[in-house]
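Please walk me through the disulfides, cores and one sheet of this protein. Keep it brisk.

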Amino acid sequence: MRVGSAAGAVAAALALTVSAVGQASAADVNNAKNAGFEAGLSNWTCSANSGTTVASPAHAGTAALRATPGGQDNARCAQTVKVQPNSTYTLSAWVQGGYSYLGVTGSGTTDVSTWTPDSASWKQLSTSFRTGASTTSVSVYTHGWYGQAAYYVDDVSVYGPDGGGGGGQEPEPTVPGAPAGLSVTGTTSSSASLAWNAVSGATGYSVYRDGAKVTAVTGTSATVTGLAASTSYSFQVTATNAAGESARSAAVTARTAESGGGGGGGGVAKHAVTGYWQNFNNGAAVQKISDVSAQYDIIAVSFADATTTPGAVTFNLDTAGLNGYTVDQFKADIRAKQAAGKKVIISIGGEKGTVSVNDSASATNFANSVHSLMQTYGFDGVDIDLENGLNPTYMTQALRALSAKAGPGMVLTMAPQTIDMQSTSGGYFKTALNVKDILTVVNMQYYNSGSMLGCDGKVYSQGTVDFLTALACIQLEGGLDPSQVGLGLPASTRAAGGGYVSPSVVNNALDCLTKGTNCGTFKPSRTYPSLRGAMTWSTNWDATAGNAWSNAVGAHVHALP
């Protein structure tokens, strides 16, 4: 749980300036010059020497552009391309590496954009725009995130009427082939998640359920919602571009889960409040477990300690720092909370946590050591709060091994940072989906973040109701059951470096997501009445402020439908 410095992510940009002159010609062409970067950076200008050409990876030909944000520089590159006014153009580029965003501004009509999360292989971004009657230039851009990997761009295309600028003469697109590799990556009681291989030349994909088209996407994955529980469905996918639609892929069958919500954690309240209890004194109120407000349904003891054995953890009660709190009192207080219907779990990680699970041996050590702590102290489960990255393969292995030892009543929570849950391709998101059947709740930290993308592709700043709802939407539509999603916020301004919002803003976000009321400018396409609830760092900072957070948010969570 990050309790100090901001870990914000901001955008870095690559822009192409496109000028419109002349009358429409008969043949459409690619109006971009040096679109494949085979001539180095000829026709391109990059800020602060942030751009360079590389031989590998290249999508086609012998070169590609590599853009690397650094410091306050946003890795901006530009090219002027002549086009026609009152004309329609298809803008596309192949991208790889870190987050990439493609769009157009200043079109004189409606500006458009599209984006993709980090990609290990080449992926095509594509959109279209129309120039206005008096438009003389537009800005076409792609950008990534600070703190993320460098991203690559190749085969840029501004395809439409010849503007007379001497761009490459590209052939007309052809109908793409049918997608291969269609698979079911996850199901809930009301949704099915699908993924497939990219098709060369495709600018989009259509998803069919039982023979009827249900959605269209630009990436190679989709989640189909609104399904009936315990029901089998047949799915196919086609690839599309300006030339038409491919044949349908081979069909796959997905069967939805039984109704009744998410995964593990028997006995957790339908709508629950999670609070982190500090096993250290950092200026917040020092508490015993017995001092924690009754508004908290899950108490996460922070934190377990790493050992010299890879993956293994232990726990050392800070008796001296907690005014003489003994292990026997601690255990007795845990039992008393459990008798009152609460869950007490051990949290692994935190801002300074160094636990690493990156192979089978460390996964086994993790499971064995956490299970030992559960037996020794009576913990109901575990919280994963690793802020220095995790390996989804081996963390999944570790959690499944722990679940097998602890049984179906184990409580499993996670507290990723916002950047960790921007895409289902991220390690944290993958892990959550991998263990969905035993997962209780993901309480993402909506603070110490800065600006992030919402599920609508727009950028939102922390500290607003829109930031909470638009980012929660990514998880809610990305494969997690609503009962597995919670909103994590600091209990006071002293509890985090940034992102604090008043309890009323938290409650408004809960209302927006569960009932469709009290929303900001962003309003989700549907409601999620079974949303689990909220989380705070920490019960100690909450107590320092007179339990103002838990009294307001706790009462609201417990009154949700």
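Questions and answers on this structure follow.

This is a predicted model, in which local features need pLDDT of at least 70, side-chain atom pairs count only at pLDDT 80 or more, and totals for chains, interfaces and linings use all residues. Residues are numbered from 1 along each chain as its sequence is written, and side-chain values use heavy atoms, without hydrogens and water.

Reader: How many disulfides does a search of the whole structure find?
Author: A disulfide is a covalent bond between the sulfur atoms of two cysteines. Here the criterion is a pair of cysteine sulfur atoms within 2.5 Å. The number found in the whole structure is two.

Reader: Which parts does the pair of Cys455 and Cys473 tie together, and how many residues apart are they in sequence?
Author: The S to S distance of this disulfide is 2.2 Å. Helices (H or I, at least four residues) and strands (E, at least two) are DSSP runs, numbered from the N terminus. Cys455 lies in the loop between β30 (451-453) and β31 (459-461) and Cys473 in helix α5, so the parts tied together are apart in sequence by 18 residues.

Reader: Is Cys473 buried or exposed?
Author: Buried means under 20% relative accessible area, exposed over 50%, and partly exposed in between (1.4 Å probe, protein chains only). Its partner Cys455 has 34% and is partly exposed. Cys473 has a relative accessible area of 6%, so Cys473 is buried.

Reader: Which cysteine is joined to Cys512 by a disulfide?
Author: Cys512 counts as buried, at 0% relative accessibility. The link is right-handed, with 100° about the S-S bond. At an S to S distance of 2.0 Å, the partner is Cys519.

Reader: Which helix gives the largest share of the largest nonpolar core?
Author: A nonpolar core is a set of buried Ala, Val, Leu, Ile, Met, Phe, Trp, Tyr and Cys residues joined through side-chain atoms within 4.5 Å. The largest one has 94 residues, and Trp277 and Phe330 are among those with the most contacts inside it. Nine of the core residues, the largest share, come from helix α5 (residues 465-477).

Reader: Which strands stand at the edges of the sheet β14-β15-β18?
Author: Two strands pair if DSSP finds at least two bridges between them. This open sheet has antiparallel pairing, in the order β14-β15-β18. A single partner strand leaves one side without a neighbour in the sheet, so the edge strands are β14 (183-187) and β18 (221-224).

Reader: What is the bridge partner of Leu194 in β18?
Author: Strand β15 (residues 192-195) pairs with β18 over four bridges, in the antiparallel sense. The β18 partner of Leu194 is Ala222.
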